[in-house]
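Here's a quick briefing to read alongside the structure. Have the model open and follow along.

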Amino acid sequence: MEVRDIDGLGPSDRQALFERDAGVEAVREDVHDIVDRVRDEGDVAIREFCREFDDVEVGNLDITDAAERAHEEVDDELLDAIRTAADNVREFHERQVPEDWRDDFEGRELGRRFRPLSCVGVYVPGGAAAYPSSALMGIIPANVAGVDHVVVTTPPAEELNPATLAAIHEAGADAVYSVGGAQAVAAMAYGTETVTSVQKIVGPGNRWVTAAKAEVRGDVEIDFLAGPSEVLVLADETADPAFVAADLLAQAEHDEHASVVAVTADADLADSITAELDAQLVEQDRQETMATALANDASGVFLARSMSEAVLFAEEYAAEHLSIQAEDDEALLDRIDSAGSVFLGPYTPVAAGDYASGTNHVLPTGGGARRFGGLSVETFLRSTTVQRLDREGLGELGETITTLAEAEGLTGHAESVRRRLDR
């Protein structure tokens, strides 16, 4: 990998970096057909798609009991790790629960209250790798929010991954179904003979899952549309190039379409990072996937003319994961508004947040951090405003209300106030 100067990037380079494409449009037509068939044919379509896409003949779609058995049978070391991670995720998300409130605003009693959704769906990826961590990240916040019924779908396999199943059970899922991809999203959106329909669907997935979430949005709520994983490391001359390279490779391990970026104003550090990438890559189990991710148009090691330019680059990039490895990391953080999750200092690898620190790893990608944040307890809550006025309080607002109502031509609104005040 060669170091690229930020000031030498052309329009097409900048578009690839800052308008990262999740590849959704390429599969939208096929996904539309999948969703339609699941909505119309239910379990029959699901079983056919399991054969076609997963090469698995699914028996019972409901694998809730299998998740419970896996929880009982996995080795103690793995179960302890799952429980520690689950406890940390739960503790962090419990701090997010908002309290109902009501206050007096000079005679107007106004407030807000929060209530959970009753039924949500969590997509837990499978396929090329097992993701027990994603089970914890999706299910636990829903339970902390007070959701009554949490449905989980995860892709089928000849042998379902016991770590994922154990984590699903530990996190507290109420029902688990063996179905993946776009068909899983459709099943949760519309329901089938076996799969319960939900109010909202959350969780990461491949472009087929993302396209399906886009397809069903409107009939059911979703968290957001997420693409391949991404990291940006903002580093100064004090950063350890071996740590920076390790973080880039860890993210590249996810997917050949992952975006991995380092940006610095120190030329020697930039060169050392690329050398470390070459040296560490040959030691990796998934080096082919990593090498492809490193070579994609939204990845690279970039040299800025100053740390101020590096910060502006990071802000425009709006990474899913932002690692700041610099002497004065807090000062740099103060200048960043757009990032899914931030990792400060040399001993805070992104992997900590991926698994066990407690923060959520279901985060916006493709620049989505400019517009919204990641999965949280609030994702599963609805808010309602509450108000009470006495006659005096209404009287103080009466002229304001009637004047505005009549300006809008809504005389009935004005009359609903006058009738109360004229009695």
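Let's start with helix 5, whose buried residues are L79, I82, A85, A86, V89 and H93. Looking down the axis of helix 5, you'd find those buried residues within an arc of 130°, so they line one face of the helix. Bear in mind that this is a predicted model.

**Helix 5 and its neighbours**
- Helix 5 covers residues 76-94, which makes 19 residues. At 1.5 Å a residue the expected span is 27 Å, and the end C-alpha atoms sit 26 Å apart, so the two figures agree.
- What do the buried residues of helix 5 pack against? Their partners are helix 4 (64-73), helix 6 (132-145), helix 7 (162-171) and helix 15 (350-355).
- Flip to the face turned away from the buried side of helix 5 and you'll see the exposed residues D76, E77 and E91.

**D75, at the start of helix 5**
- D75 belongs to the loop between helix 4 and helix 5.
- Is D75 buried or partly exposed? D75 has 46% relative accessibility, so it counts as partly exposed.
- A side-chain oxygen of D75 comes to within 3.1 Å of the backbone nitrogen of E77, right at the start of helix 5.
- The D75 side chain also has a polar atom 2.8 Å from the backbone nitrogen of L78.
- For a longer reach, try D75 and L136: they are 61 residues apart along the chain, and 18 Å separates their C-alpha atoms.

**The hairpin of strands 2 and 3**
- Strand 2 (residues 101-105) pairs with strand 3 (residues 108-116) in the antiparallel sense, over five bridges.
- If you want one pair to click on, R102 has G111 in strand 3 as its bridge partner.
- Together, strand 2 and strand 3 make a hairpin with two residues between them. In the turn, E106 has a positive phi of about 55°.
- As a general point, side chains in a regular strand alternate between the two faces of the sheet.

**Cysteines**
- How many disulfides does the structure hold? The count is zero.
- Why is C50 not bonded to C119? The closest cysteine sulfur to that of C50 is the one in C119, and at 20 Å it is too far for a bond.
- C119 is likewise in no disulfide, with the nearest cysteine sulfur, that of C50, 20 Å away.
- C50 has a relative accessible area of 0%, so it is buried.
- C119 has a relative accessible area of 10%, which is under the 20% cut-off, so C119 is buried too.

Definitions and conventions: Residues are numbered from 1 along each chain as its sequence is written. This is a predicted model: local features need pLDDT of at least 70, side-chain atom pairs count only at pLDDT 80 or more; totals for chains, interfaces and linings use all residues. Side-chain values use heavy atoms; hydrogens and water are left out. Helices (H or I, at least four residues) and strands (E, at least two) are DSSP runs, numbered from the N terminus. The expected span of a helix is 1.5 Å times one less than its number of residues. Buried means under 20% relative accessible area, exposed over 50%, partly exposed in between (1.4 Å probe, protein chains only). The arc is that of the directions from the helix axis to the C-beta atoms. Contact means heavy atoms within 4.5 Å. A polar contact is a pair of N or O atoms within 3.5 Å; within protein, one must be able to donate a hydrogen and the other to accept it, and residues adjacent in sequence count only if both atoms are side-chain atoms. Two strands pair if DSSP finds at least two bridges between them. A disulfide is a pair of cysteine sulfur atoms within 2.5 Å.
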